[in-house]
Amino acid sequence: RDHLEAAGHVCILKNALDFESPSEISNFIKAESLEAAMALHLYRGGRLLPGHGIPFGIIFGGTDLNEDVKQGEKNKVMGKVLEEARFAVAFTESMKETAQRQWPHAKDKIYVQSQGIATVPNTTFNWNTFLQRSEINQSADSLHVFLLICGLRQVKDPLYLVDAFSEWHQEEPSVYMVIVGPEVDPVFTREVKAKVRRTPGVRLIGEMAREDLHAVVKNCFAVVNSSVSEGMSAAILEAMDLEVPVLARNIPGNAAVVKHEVTGLLFSDPQEFVRLAKRLGGDPALEKQIVANGREYVRMYHSWQVERNTYGQLVRMLEGSSED
């Protein structure tokens with residue numbers, strides 16, 4: 001929204017889940033006199049936009065290209081969305097290549113723009129209060145808190161490391177894993193809550209304001225990503241920007257950002273995660289190197305200003321005629 005408003009437009013943000021049918025979108029477009037649209041996620045958002053007579057663009061989310069594409073009907077729907085879209089944005093070259101293989105007819109309208117990152121940690125945030133809220137009753141000076149930021153849904157796999165981490169916690173009571181994020185899938189959320197309640201060393205916190213979450217990242221020992229599938233994880237990039245080490249599951253979306261032992265650490269199973277986390281905790285030189293490289297990488301390749309300029313250019317594509 002900030003980028004679009006900076007380009008001189010009024011922007012209304014809506015959750016695709018708020019609309020149950022294309023007719024509801026049609027009514028919304030008429031009621032708000034909308035002139036263009038942009039959808040995040042080719043299937044969840046994009047499927048609602050064709051046929052309404054307004055130009056629109058798509059931003060690939062990650063699961064659309066990594067998971068939904070494997071389902072025949074969804075694949076077909078997404079292909080039709082791309083036929084009408086003015087443009088589509090991929091976060092990485094590999095995402096662009098995946099999309100081009102699936103839908104060759106759209107190859108000339110897919111652009112690459114890495115996510116731009118801007119972190120704004122709350123300077124008045126109280127870390128000790130957060131630890132108390134998380135029921136971690138130890139001195140902050142002796143703790144190593146590993147932070148997993150994700151919406152509670154299966155593709156994020158928040159339980160992937162829980163058992164291995166809990167075993168480590170019982171050996172070393174100063175290590176904790178805190179999972180922070182919104183309750184996206186109600187059924188899966190109940191499963192996560194039940195598992196965490198009976199698992200020592202693991203805590204679950206609900207969704208937080210962005211500034212507070214950035215403050216938590218800045219105070220934790222490391223940020224963790226255990227997703228089955230990712231487009232480009234903003235949490236990883238924000239951790240790098242805040243000079244916090246990253247440990248990420250070795251999947252294509254994460255490996256596009258995290259170079260092992262350079263900008264972070266990649267693990268392939270829970271046991272390797274624990275080994276790498278212990279190594280990181282016992283090797284200050286490695287931690288310092290990863291933090292410095294990660295910060296430099298984000299500032300070089302994930303500029304918030306560059307992203308803004310790109311979206312300004314894409315909006316102008318929506319303003320032009322369909323022949324432009």
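**View 1. Phe 146 sits in strand β5.** This close-up comes from a predicted model, and Phe 146 is our way into it. How buried or exposed is Phe 146? With a relative accessible area of 1%, Phe 146 is buried, because the cut-off for that label is under 20%. Skip the neighbours within four places in sequence, and Phe 146 still touches a good list of residues: Phe 165, Trp 168, Val 175, Tyr 176, Met 177, Val 178, Phe 221, Ala 222, Val 224, Leu 247, Phe 273 and Ala 277. Glu 207 makes a handy distance marker: 61 residues away along the chain, its C-alpha is 17 Å from that of Phe 146.

**View 2. Phe 146 and Phe 165 meet edge-to-face, one of 11 aromatic pairs counted.** A pair of aromatic rings is described by the distance of the centres and the angle of the planes. Here the centres are 5.6 Å apart and the planes make 70 degrees. The two partners come from distant parts of the chain, with Phe 146 in strand β5 (residues 144-149) and Phe 165 in helix α7 (residues 162-171), 19 residues apart. Phe 165 counts as buried, at 0% relative accessibility.

**View 3. Phe 146 has another edge-to-face partner in Phe 273.** For this pair, look for 6.1 Å from centre to centre and 75 degrees between the planes. What does the pair link? Distant parts of the chain again: Phe 146 belongs to strand β5 and Phe 273 to helix α12 (residues 270-282), with their positions 127 residues apart. Both Phe 146 and Phe 273 are buried. Pull back a little and a cluster appears, in which ring pairs link Phe 146, Phe 165, Trp 168, Phe 221, Phe 267 and Phe 273.

**View 4. Asn 137 lies in the loop between α6 (127-133) and β5.** Is Asn 137 buried or exposed? Asn 137 is exposed, with a relative accessible area of 68%. For scale, take His 169: in sequence it is 32 residues from Asn 137, and in space the two C-alpha atoms are 14 Å apart.

**View 5. His 41 and Glu 243 both have a positive phi.** Most residues other than glycine have a negative phi. For His 41, phi is near 95 degrees, and for Glu 243 it is near 65 degrees. Where do they sit? His 41 is in the loop between β1 (37-40) and β2 (56-59), while Glu 243 is in the loop between α10 (234-241) and β9 (246-249). His 41 counts as buried, at 2% relative accessibility, whereas Glu 243 is partly exposed, with a relative accessible area of 37%.

**View 6. Zooming out, the whole protein has 14 helices and 10 strands.** The C-alpha trace spans about 65 × 40 × 40 Å along its principal axes. A compact globule of 324 residues would have a radius of gyration near 20 Å, and the 21 Å of the protein agrees with that. Of those 324 residues, 51% count as buried. Among contacts with a separation of 6 or more, 67% are between residues 24 or more positions apart. The protein exposes about 15800 Å², with carbon and sulfur atoms supplying 46% of it. As for charge, the mean positions of the 35 positive and 43 negative charges are 2 Å apart.

Key. Residues are numbered from 1 along each chain as its sequence is written. This is a predicted model: local features need pLDDT of at least 70, side-chain atom pairs count only at pLDDT 80 or more; totals for chains, interfaces and linings use all residues. Side-chain values use heavy atoms; hydrogens and water are left out. Helices (H or I, at least four residues) and strands (E, at least two) are DSSP runs, numbered from the N terminus. The radius of gyration is taken over C-alpha atoms; the globule rule is 2.2 Å times the number of residues to the power 0.38. Buried means under 20% relative accessible area, exposed over 50%, partly exposed in between (1.4 Å probe, protein chains only). Contact means heavy atoms within 4.5 Å. Accessible areas come from the Shrake-Rupley method with a 1.4 Å probe; for residues, only the protein chains shown count as cover. Lys and Arg count as positive and Asp and Glu as negative; His and the chain ends are not counted. The place of a charge is taken as NZ of Lys, CZ of Arg, CG of Asp or CD of Glu. Rings of Phe, Tyr and Trp (its six-membered ring) pair if their centres lie within 6.5 Å; planes under 30 degrees apart count as stacked, over 60 as edge-to-face and the rest as tilted.
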